[in-house]
Amino acid sequence: MERGNHTVTEFILVGFTTDPVMQLVLFVVFLGVCSLTVVANATLIVLICNDSRLHTPMYFFIGNLSFLDLWYSSVYTPKILMTCISEDKSISFAGCVCQFFFSAGLAYTECYLLAAMAYDRYMAISKPLRYAQAMSIKLCAFLVASSYLGAFINSSIITKRTFALDFCSGNVIDDIWDLLPLVKLACGRKDGYQAILYFLLASNVITPTVLILASYLFIIGAILRIRSTQGRLKAFSTCSSHLVSVTLYYGSILYIYSRPRSSYSLDTDKIVSTFYTVVFPMLNPMIYSLRNKDVKEALNKLIK
């Protein structure tokens, strides 16, 4: 990978605070979040694999989402924990590239996967009698594989272009890890880079968002055609968990990357980026299981 004239061998991650007491508190908090993320997502994956009643397209996607969240969380959390308790806040250039590549690829994958899940909910509501045939295992596997493939192709593009920039403004990143604080360290003309950034934002965030909105417009139309109130409520309840998940994830991403630079706030963006990279993977299994009767029954069966 080509670099600019100013050679950077490592970056320094400032993190959230330099106060030792607060760093210890944050270490305990993030360790708790990490542990809960692993337990919750791993449990949900085991339940889906173990219980035949959960062998449906919807739970196939939920299981893949849990696997993705496990992987996504493992990219960020270990380094955050080390930053909280260690005096060495550095990360090597190569380590930085790897973390950036996987974090971007997994974030884009989640965008696509949530769009595929919206289509799955539309098929479940609009064609309930042919749902299993319409959402075959081959189609579900294709949608998941395509999500990973498209996401990591785009991730390789943005990673290559980002780390080919000339980092002449130092190597201190005032964040846990995100794109914008890193790009701020680069100097020189960034017109071409900005164009690629907008293209990737459009293809990885805006396009899936449009597909999700379109799916929900069709879902609303299908629900309105249901005559009974109870039937409408039941149909809507099958989408509520996904709708909450989409709102939290896309809302935090669009907040950071789709607003003008004049409103950029480093402290606020640290909190928001922490939410969708660390906290959100913990919330997902809860969102999809707390009000889910099938998951609760599968858990009781596994415990007994």
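The exercises below work through a predicted model, each with its solution set out step by step.

**Exercise 1. The length of helix α1**

Work out what span helix α1 (residues 20-50) should have, and compare that span with the model.

Solution. Begin with the 31 residues of α1, which at 1.5 Å a residue should span 45 Å. Next, take the C-alpha atoms at the two ends of α1, which are 44 Å apart, so the expected span and the model agree. Finally, look at which of its residues are buried: among them are Gln-23, Leu-26, Phe-27, Phe-30 and Val-33, and further along Leu-44, Leu-47 and Ile-48.

**Exercise 2. The sheet and its neighbour**

Find the order of the strands in the open sheet, and describe how they pair.

Solution. The sheet has three strands in the order β2-β1-β3, and its pairing is mixed. The edge strands, each pairing on one side only, are β2 (90-92) and β3 (172-173). Taking the two pairings in turn, β1 (residues 10-13) runs antiparallel to β2 and is joined to it by three bridges, with Phe-11 standing opposite Ile-91 in β2. Helix α3 (residues 93-126) packs on this sheet, where it touches β1 and β2, and its direction makes about 85° with that of β2. On the other pairing, β1 and β3 are parallel over two bridges, and Leu-13 stands opposite Ile-173 in β3.

Which side chains of β1 point to one face and are buried, and which point to the other? Phe-11 and Leu-13 are the buried ones on one face, whereas Glu-10 and Ile-12 point to the other face and are not buried.

**Exercise 3. The place of Ser-245**

Decide whether Ser-245 is buried or exposed, and list its contacts beyond the neighbours within four places in sequence.

Solution. First locate Ser-245, which lies in helix α8 (residues 229-257). Its relative accessibility is 0%, and because buried means under 20%, Ser-245 counts as buried. With neighbours within four places in sequence left aside, Ser-245 is in contact with Leu-114, Phe-280, Asn-284, Ile-287 and Tyr-288.

**Exercise 4. The nonpolar cores**

Identify the residues that touch the most other members of the largest nonpolar core.

Solution. This core has 60 residues, and those touching the most other members are Phe-61, Ile-62, Leu-114, Met-117, Ile-212, Tyr-249 and Tyr-250. Elements giving two or more residues to the core include α1, α2 (57-85), α3 and α8. To follow one member, take Phe-61, whose contacts, not counting residues up to four places away in sequence, include Leu-113, Met-117, Met-135 and Val-144. A second core, separate from this one, has 25 residues, including Phe-93, Tyr-108, Ile-173 and Ile-196.

Note on methods:
Residues numbered from 1 in each chain as written. Predicted model: local features only at pLDDT ≥ 70, side-chain atom pairs only at ≥ 80, totals over all residues. Heavy atoms only, no water. Helix = DSSP H or I, 4+ residues; strand = E, 2+ residues; numbered from the N terminus. Expected span 1.5 Å × (residues − 1). Buried < 20%, exposed > 50% of the residue type's maximum accessible area, 1.4 Å probe, protein only. Pairing = 2+ DSSP bridges. Contact = heavy atoms within 4.5 Å. Axes fitted to C-alpha atoms, helices over the stretch in contact; angles between N-to-C directions. Core = buried A, V, L, I, M, F, W, Y, C linked by side-chain atoms within 4.5 Å.
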